Amino acid sequence: MNTSSRSATTAVLLGVCLVAACARATTQSHTGRGRSPTLTQDELAATNSGNLYDALAKLRPEWLTSRGPTSVTDPTPAVADVYMNGMPLGNVEYLRGVRVLDVNAVRYWPAGEAAARFGMGHPRGVIELIRG
């Protein structure tokens, strides 16, 4: 292989790598990085929603989504769990029965942080309700 062929091959490989890197950067999921994991009562109330589920659907819909089953033996889609004062209340459907005015804030804990704070078994994280 002569020098000009090597240079051309190197340039093509470099171009392919750059295109692949750019494609990866633009296809990454934007799940609220850079946004606060805590929503205040004022932010929640500004949605004019009657319940927390609807308010979160407007402000942080990614907190409510399922990623499908997390086990071959359990086909139930995994969703975030809901806690208050360290006690489990249910999954995200529980939020439909909680009025926006009944909490001071809501915080989302991703799976890894939720496992450290609330124990194992929260593949979609935990939504913590904060009162007073």
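In the predicted model, D81 is buried (under 20% relative accessible area, 1.4 Å probe, protein chains only) yet forms no salt bridge (a side-chain nitrogen of Lys or Arg within 4 Å of a carboxyl oxygen of Asp or Glu). The nearest side chain of opposite charge, with Lys and Arg counted as positive and Asp and Glu as negative, belongs to R124, 9.9 Å away. D81 lies in strand β2, residues 81–84, strands being DSSP runs (E) of at least two residues and helices runs (H or I) of at least four. Beyond four places in sequence, contacts of D81 (heavy atoms within 4.5 Å) include G90, N91, H122 and I127.

I127 is also among the residues with the most contacts inside the largest nonpolar core, which has 20 residues; such a core joins buried Ala, Val, Leu, Ile, Met, Phe, Trp, Tyr and Cys residues through side-chain atoms within 4.5 Å. Two or more residues each come from α3 (52–59), β2, β4 (105–109) and β5 (126–130), and α3 gives the most, with four. A second, separate core of five residues includes Y83, W109, F118 and V126.

The chain has a mean pLDDT (the predictor's confidence in each residue, from 0 to 100) of 79, and 66% of its residues reach 70 or more. Residues 14–20 fall below 50 and have zero contacts beyond near neighbours in sequence. Where pLDDT is low, the predicted coordinates should not be read in detail.

Residues are numbered from 1 along each chain as its sequence is written, and side-chain values use heavy atoms, without hydrogens and water. Local features need pLDDT of at least 70 and side-chain atom pairs 80 or more, whereas totals for chains, interfaces and linings use all residues.

Definitions and conventions:
Buried means under 20% relative accessible area, exposed over 50%, partly exposed in between (1.4 Å probe, protein chains only).
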